[in-house]
Amino acid sequence: MSDGIMKRMGLIFRSKANKALDRAEDPRETLDYSYQKQLELLQKVRRGVADVATSRKRLELQLTQLQQQSAKYEDQGRKALSLGREDLAREALTRKANMQSQITDLETQYQQLQAEEEKLTLASQRLQAKVDAFRTKKETIKATYTAAQAQTRIAESFSGISEEMGDVGLAIQRAEDKTAQMQARAGAIDELLASGALDDASGLGRKDDIEAELERVAGGSDVELELARMKAELTGGSPASGPQAIEQGRPQDAPQQDTPRINYNK
């Protein structure tokens, strides 16, 4: 498989996956998730501030102890010197000097921790303000989205373009189409029965012999009356009516035929 086809398949897959994610994504859930992550970050910053403050406090205690010990060595050296023990006084002052070096190092670390604590405290306060602002904005967006979603559903219901109303509309359309098809079929069958092209199996639509003969005689009389009227127009006379027109319309040399007798007792 060529690289072009693979790239095209990858593009199609990504586009369909992106579309599916868009349908599945709820902005309100995304906002709540983002707010939760910000709260977690704020908690981490606060724990950092607490850890730095704890370390600073521990150094502060150590500094206090070293300063007290340094002051003690100074007092001991002064007492030893007052007693004429210069050697003891020198030893006490030497220990004090060594301790002062530790105190200087601890004071440097203490200042660094204090500056770091101040920075983290300020960052925590700023982050807290941002989180509070985001929470307000989040709730506003969620309320607006919920209202817009409800409004859209109401509008779709009124316009009939929602998924549920669309299914109902399709069902109504199918019912109307099926009804029209059945009506057309019934009309076609009636026409076929009336024309005789389709036999009526029930026998309700068929005519008996007597009815057929009566219709044939009535049809013949209409033809004879029309023929008599046309002859009268040609000769300038008045058309006769009734049986006379029928008699006049017959040829003179044509023998009269007896009207067939119909036995109604069949």
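Which helix does Lys142 lie in? I looked this up in the model, which is a predicted one, and found Lys142 in helix α3, the element that spans residues 86–159.

**Lys142.** I then checked its exposure: the relative accessibility of Lys142 is 19%, so I enter this residue as buried, the cut-off for that label being under 20%. Setting aside residues up to four places away in sequence, I noted that Lys142 touches Arg28, Leu31 and Asp32.

**The chain as a whole.** I counted 6 helices and 0 strands in the protein chain, and from the N terminus on I read the order of elements as α-α-α-α-α-α. Of its 266 residues, 14% count as buried, while the chain exposes about 21,400 Å², of which carbon and sulfur atoms supply 55%. When I took the contacts between residues at least 6 apart in sequence, I found that 68% of them join residues at least 24 apart.

**Nonpolar cores.** Which residues make up the largest nonpolar core? I listed 8 residues for it, namely Leu59, Leu63, Leu66, Tyr73, Met99, Ile103, Leu106 and Tyr110, and I noted that α2 (27–82) and α3 are the elements that give two or more residues to this core. For Ile103, leaving aside its neighbours within four places in sequence, I recorded contacts with Leu63, Leu66, Gln67 and Ser70. Apart from this largest core I found another, of 5 residues, including Tyr35, Leu42, Val45 and Val131. As background I wrote down that in soluble globular proteins nonpolar side chains tend to be buried together.

Note on methods
Residues numbered from 1 in each chain as written. Predicted model: local features only at pLDDT ≥ 70, side-chain atom pairs only at ≥ 80, totals over all residues. Heavy atoms only, no water. Helix = DSSP H or I, 4+ residues; strand = E, 2+ residues; numbered from the N terminus. Buried < 20%, exposed > 50% of the residue type's maximum accessible area, 1.4 Å probe, protein only. Contact = heavy atoms within 4.5 Å. Areas by Shrake-Rupley, 256 points an atom, 1.4 Å probe, with all protein chains shown as cover. Core = buried A, V, L, I, M, F, W, Y, C linked by side-chain atoms within 4.5 Å.
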